[in-house]
Structures are given as C-alpha cells and as structure tokens.
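Colleague: I am new to this structure and would be grateful for a close look at a single part of it. Please begin with one strand and then describe its surroundings in a connected account.

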Amino acid sequence: MNRDSFAAGERLVSPAYVRQGCEARRSHEHLIRLLLEKGKCPEDGWDESTLELFLHELAIMDSNNFLGNCGVGEREGRVASALVARRHYRFIHGIGRSGDISAVQPKAAGSSLLNKITNSLVLDIIKLAGVPAVTSCFVVPMATGMSLTLCFLTLRHKRPKAKYIIWPRIDQKSCFKSMITAGFEPVVIENVLEGDELRTDLKAVEAKVQELGPDNILCVHSTTSCFAPRVPDRLEELAVICANSGIPHIVNNAYGVQSSKCMHLIQQGARVGRIDAFVQSLDKNFMVPVGGAIIAGFNDSFIQEISKMYPGRASASPSLDVLITLLSLGSNGYKKLLKERKEMFSYLSSQLKKLSESYNERLLHTPHNPISLAMTLKTQGEHQDKAITQLGSMLFTRQVSGARVVPLGSVQTVSGHTFRGFMSHTNNYPCAYLNAASAIGMKMQDVDLFIKRLDKCLKTVRKEQNKEISTDISPQHITVLWFCFCKHPIMPS
C-alpha cells in the first residue's frame, strides 16, 4: 500500500496501529531500495516476506499481470494452469529479446529488472569468491556444456579460419561434446602423471600450438574443477601461452566457484596472461535446480557478444532461482557455506584416509585438487573389474550418490573419439580407485553415513573375493603345495 492507502486506513483502524504497520512496510522497502541502488548481495539474508513482496512488486510490472491488459499478439504471457503461474511467481515473459538475452523487454519491465539484478548479484558473489578482477557476467538458462558451446560459437566469428580447440583431457562427456556440437575438432592433450596427480602437459600444448598454427586454433579449453586424481589445469601457464600466441582461452569452471583455489587460479591466469571467459554451473555452486550457468569474463564487450549470440528470449527460471537463493542467504550466508565446505573437505579426507588404511588401501595424494578425493581399490582374483563395478552398484543401491568407482582400462567412444582408460583422465592410470567429493552444502552426517556404508560394502566385497580365491585352489594344487612344504619346510626364524 502507498501513503494514501495507509491514510485511508486510519479512518478504519487506530492511526497509531496503522502507523506501526506503515513503519514495518518501510523496513521491507528499505531493503529493496538498497538492493536496487547498490546492485550487490545484501550481507544478511532476507526473510521470506520481504522476498515475496519484492517478487510480487516486480511481477505486477509485467504486461501479463496488468489489470486492464489487452493482448492481441502471439506471445502475451498467457498461462493455462494457475499452478504453473504460481510456480513462476507470475514471471511469464522470460528474459531478453529475440536478438539479445540481456536486452530489456518492453512488455516485461519487472522480468527485465529481475534479470539485471540477478546478473549484478552473481557478479558480486564471483568477486567475493575470489575473482575481484571480473568485470561482466550473465546468467544463461543452459547447463555448463551448452554454455561452453555458446562461447565457442561466439569465437567462430572472430576466428573464421580456426577449426581446432586444444583441450587438456578431462573425462567428462559434456565438456567434449560442447566442442563437437559447436562444429570444432578437439585436440586432446593427454595429462602427465606427477606422483598420484594428473597434471597439464604444457610442453604438449605448446608443441600443438606450433604444429597447428595459432590462426587455426579457436581457443584453449581448460578446466578447473575435476575428479581426482586429475587436478585443475595449470591455468597461469596456459594463460601465458594463450597471451603470447594470440589464442583465446575459455575455462570450464563447472563447480569451481565454491573453491577459493579454483577461483584464485582464474584470477591469477587473467592477471598474468589471457582468459576470455569462464563458465560455471548454477546448481553445483548455488544449490538450485539444474538448468542454468554463469558466463563471466574480464572484457565487457566480449561477454556482451556472447549474450547477443543466444538466439531468442530465454527462460527466467534459472535467474529467479539464483536470485531468491542469494537474497535468502546474503553474502554472509554464502561465505559461511564456503567455509563449511572447506571444513567438510578436511573431515572427509581424514575419515577416508582412516578407512582406506584399515583395508590396506591408500588415499591418493592429490593436494592440488580442493574438492575431490580418490582412494585406491586393490582387487584380487581373476574378476578384478567385476569386483570394482560391484562395489559401485552396491553403493548406489544403498543410496550413496556421487561416489564413483573407476576400474582400469575402461574404453569408451564419445562423438567418434575413443578414450582409453575412460573416467580416469588418462590412458593408463596405475590403479583402480573410488572418488568422493566435498561440495557446497555437504554436512558432517553425510560424511559419517558415507564412510559407514562404504565400510560395509568393502567388507562384503572382500569376503566374496576371498571365497573366489579359496575356490580357485584345486585338490591338485593342495597336493603340490604340501609336497613342496615337506621337501622344503619353512623353519622358524
């Protein structure tokens, strides 16, 4: 209600009570005004009543919610189901215009304002998370893979002769398919083994640049967040190579916003060399439904070019989800989640190390990976792969999601390219292993329950392996062993 409405209310209810209600309303409006003025995530999260008031105020600015609206076009924000309308807070027009996902819609001032505010808040959080030099970003209603494709398609217009993308290997299908879908030929750079870690082969990257020629290379496509024993790419060195060769650099930072180490690599890479854009998932970093990503960079004009490459309007749902989440958490709430994630990583590491040692296994030493851990899986008997995959299925049926078991020598073809040792990020990793990650939102009880269930599964698998070994020894083998023992008895030391 405005001032006139409150004044009218004073004729019906005590003016003192109405003034008190008016002051309460002003408290909500003060928070909203600060948000619009500063364009930054509030330090403290908003309560639900302020959030709903804000969303309602924005929604009634869209033409489909005008009381006297008369729509005669093909896209008038008509919704058949009231449930669907409520689910989207009556934001029906989406974001952007046919030629630019970041443009303002004349029919939807509220949705356009929502889009601008969301992008501003996300930029603020990226700076807070460790990349203060970032200058521009926008939320796109596609997951990470398709968002990477959009970046590559934008570069196509800048580098029409280029047909190759140099890609340090990361065994994740969407990363590989993002390049194929954009119409480019990935040049796979195998990783090098340093201790237990798989790291970027910089010499191989430089050799490929010289072999193919910089003009024929669209970009280097590097990765930060990844499954151990692979660790984040050497971003600083790659950024320098790109800067010296005049080659663009696109970073897949899928779930790296939650890691200060990944964000620091991006910040440093941009400082010493070249990073044109980095892409991160909304669901993995902000705990919202799958379907959105953030494309960010250090050059406003290039990020705007990417947004203009998106054809048509776009769904406002990812923007709405992350806006609600960030306003609910506030910057203090998000920083608290980042701190808790680091603590959970240390706790998961210590618990997994204890468990692995109790089974004569080993937690792989991967200090450069700040999110994912890996534990060796030694197997006995003839059916090694069967035992590894059995462990994976046992964990899954016991409702342990996210853990991955990686056997030796798995072969898989993705978009015509055959990967040996698929999922292990290299052709021949020395051992099979199990992955677990400490991602944002993980709690101590999640770690404890995972360790408890993994312990039970390992016991079961080991028992079955021992049975197989015992049944493999025939009576003839026993006779031979007994004869050898009689002939050469083992004397006590």
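**A strand and its surroundings**

Modeller: In this predicted model, strand E1, residues 136–140, has five of its five residues buried, so the strand is largely enclosed by the rest of the structure. The cut-off behind that reasoning is a relative accessible area under 20%. The covering applies to both faces of E1: Ser136, Phe138 and Val140 are buried on one side, and Cys137 and Val139 are buried on the other.

The partner of E1 is strand E9, residues 293–297; the two run antiparallel and are joined by five bridges. Within this pairing, Phe138 stands opposite Ile295 of E9.

Ile295 also leads to the next residue of interest, Phe278. Leaving aside neighbours within four places in sequence, Phe278 is in contact with Ile294, Ile295, Ala296, Gly297 and Phe298, among others. Its further contacts include Ile126, Val131, Val134, Val251, Asn253 and Ile266. Phe278 belongs to the largest nonpolar core, which has 47 residues. Together with Phe54, Ile126, Ile266 and Phe286, Phe278 is listed among the residues with the most contacts inside that core. A second core, separate from this one, has 37 residues, including Ile101, Ile165, Phe302 and Tyr310.

Ile165 of the second core directs attention to strand E2. All five residues of E2 are buried, and the strand is mostly covered. Tyr164, Ile166 and Pro168 point one way from E2, while Ile165 and Trp167 point the other way; every one of these residues is buried. E2 pairs with strand E3, residues 185–189, in the parallel sense, over five bridges. In this pairing Trp167 has Val188 of E3 as its bridge partner.

The loop between helix H6 and E2 contains Ala162. Ala162 is buried, because its relative accessible area is 7%, which falls under the 20% cut-off. Not counting residues up to four places away in sequence, Ala162 touches Phe184, Asp215, Asn216, Ile217 and Leu218. The C-alpha atoms of Ala162 and Glu185 are separated by 9.6 Å, and these two residues are 23 places apart along the chain.

Helix H6 also brings the empty spaces into the picture. The largest pocket holds about 870 Å³ of space. Its lining has 38 residues, with Phe227, Ser401, Gly402, Ala437 and Ala439 nearest the centre. The elements that give two or more residues to this lining are helix H6 (144–158), helix H7 (173–181), helix H11 (282–286), strand E14 (433–437) and helix H15 (444–472). H15 gives the largest share, four residues. By class, the lining of the pocket has 20 nonpolar, 13 polar and five charged residues.

H15 takes part in a further space as well. The structure holds one cavity of 30 Å³ or more, and the largest cavity contains about 80 Å³ of space. It is lined by 11 residues, of which Leu377, Lys378, Leu391, Leu458 and Val461 are the closest to its centre. Helix H14 (384–397) and H15 are the elements that give two or more residues to the lining of the cavity. The largest share there, four residues, comes from H15. The lining of the cavity divides into six nonpolar, two polar and three charged residues.

How values were computed:
Residues are numbered from 1 along each chain as its sequence is written. This is a predicted model: local features need pLDDT of at least 70, side-chain atom pairs count only at pLDDT 80 or more; totals for chains, interfaces and linings use all residues. Side-chain values use heavy atoms; hydrogens and water are left out. Buried means under 20% relative accessible area, exposed over 50%, partly exposed in between (1.4 Å probe, protein chains only). Two strands pair if DSSP finds at least two bridges between them. A nonpolar core is a set of buried Ala, Val, Leu, Ile, Met, Phe, Trp, Tyr and Cys residues joined through side-chain atoms within 4.5 Å. Contact means heavy atoms within 4.5 Å. On a 1 Å grid over the protein atoms alone, a cavity is a set of points where a 1.4 Å probe fits but cannot get out, and a pocket is an open set with protein on both sides within 12 Å along at least five of seven lines; lining residues have an atom within 4 Å of a point. Grid points are joined across faces, edges and corners, and a volume is the space filled by probe spheres set on the points. Ala, Val, Leu, Ile, Met, Phe, Trp, Tyr, Cys and Pro count as nonpolar, Asp, Glu, Lys and Arg as charged, and the others, Gly among them, as polar.
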